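Here are a few exercises to work through with the model open beside you. Try each one before you read its solution.

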Amino acid sequence: MTDSAEALLQKEREEELKDRLEREHNELLQELRALIPGATVLMGFLLAVSFTPDFAELERAEEYVYYATLVSTAVALVLFLAPAAHHRLRFREGDKDHILRKANREAIAGTFASALSFTGVLYLVTERIFGTWAAIATAAVFFAFAAWRWWSFALLRSMRS
């Protein structure tokens, strides 16, 4: 093969890589666009409820669950928004593969934080309506359900292949 043919082949491979990275980046952004609004709305509700008169009636354990839920929601939002911030800072540096790998880890961690947030909210609401034991059971079942639907299928598939 001539040097020019090898150079052309190398250029085609680089272009294929660039196209793949661009496609994967767009897919990730679409996924984040689905996750961010839910976390944002939950954060708004959690902040709003802290200014209601009934908030002062929370027992100490409920306050801890509320605060953990608020913090996990904030963490989820930071993790979901981090890929856009990182991309904005590094997008002209030819670092898209690293950006995608980092963003993937952040999105996964963000879903974990979101699962904790949703679990906390369900605990708080259930505790108010049905009591502590029902809240614990509901929270445990919900978190197991979220883990099963969000992560177990992908992890099982990874282990099989």
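**Exercise 1.** Does Phe112 count as buried, partly exposed or exposed?

*Solution.* Keep in mind that this is a predicted model. Start with the cut-offs: buried means under 20% relative accessible area, and exposed means over 50%. Phe112 has 41% relative accessibility, so it counts as partly exposed.

**Exercise 2.** Classify the ring pair of Phe55 and Tyr66, and work out which parts of the chain it ties together.

*Solution.* Step one is to recall what we need: a pair of aromatic rings is described by the distance of the centres and the angle of the planes. A search of the whole structure turns up eight aromatic pairs. For Phe55 and Tyr66, the ring centres are 4.8 Å apart and the planes sit at 70°, so this pair is edge-to-face. Next, place the two residues: Phe55 is in the loop between helix 1 and helix 2, while Tyr66 is in helix 2, so the pair ties together parts 11 residues apart in sequence. Last, check the accessibility. Phe55 is partly exposed at 22%, whereas Tyr66 is buried at 7%.

Now try the pair of Phe112 and Phe143 in the same manner. Their centres are 5.9 Å apart with 90° between the planes, which is edge-to-face. Phe112 belongs to helix 3 and Phe143 to helix 4 (residues 132-160), so here the parts tied together are 31 residues apart in sequence. Phe143 is partly exposed, with a relative accessible area of 23%. Both rings also belong to one aromatic cluster, made up of Phe112, Phe118, Phe143, Trp150 and Trp151.

**Exercise 3.** Find the salt-bridge partners of Arg20, Glu27 and Glu63, and look at their spacing along the helices.

*Solution.* The count comes to six salt bridges; we'll take three of them one at a time.

- Arg20 bridges to Glu24, with the closest N and O atoms 3.0 Å apart. The two are four residues apart in helix 1 (residues 3-49), about one helical turn. Arg20 is partly exposed at 34%, and Glu24 is partly exposed at 27%.
- Glu27 meets Arg23, again at 3.0 Å from N to O. Both lie in helix 1, four residues apart. Glu27 is partly exposed at 39%, as is Arg23 at 42%.
- Glu63 pairs with Arg60 at 2.8 Å between the closest N and O atoms. This time the spacing is three residues, in helix 2 (residues 60-90). Glu63 is partly exposed at 27%, but Arg60 is exposed at 55%.

Why does that spacing suit a helix? An α-helix has 3.6 residues a turn, so residues three or four places apart point the same way.

**Exercise 4.** Check whether the end-to-end span of helix 3 agrees with its number of residues.

*Solution.* Helix 3 (residues 96-130) has 35 residues, and at 1.5 Å a residue it should span 51 Å. Its end C-alpha atoms are 49 Å apart, which agrees. Then look just past the helix: Gly131 takes a positive phi of about 105°.

**Exercise 5.** Which residues form a nonpolar patch on the surface with about 260 Å² of accessible area together?

*Solution.* The patch consists of Tyr67, Val71 and Val75. Take Val71 as a check: Val71 lies in helix 2, and at 35% relative accessibility it counts as partly exposed.

Technical notes. Residues numbered from 1 in each chain as written. Predicted model: local features only at pLDDT ≥ 70, side-chain atom pairs only at ≥ 80, totals over all residues. Heavy atoms only, no water. Salt bridge = Lys/Arg side-chain N within 4 Å of Asp/Glu carboxyl O. Buried < 20%, exposed > 50% of the residue type's maximum accessible area, 1.4 Å probe, protein only. Expected span 1.5 Å × (residues − 1). Patch = residues over 30% accessible without salt bridge, like charges linked within 9 Å, V, L, I, M, F, W, Y side chains within 5 Å. Areas by Shrake-Rupley, 256 points an atom, 1.4 Å probe, with all protein chains shown as cover. Phe/Tyr/Trp six-rings, centres within 6.5 Å; stacked < 30°, edge-to-face > 60°.
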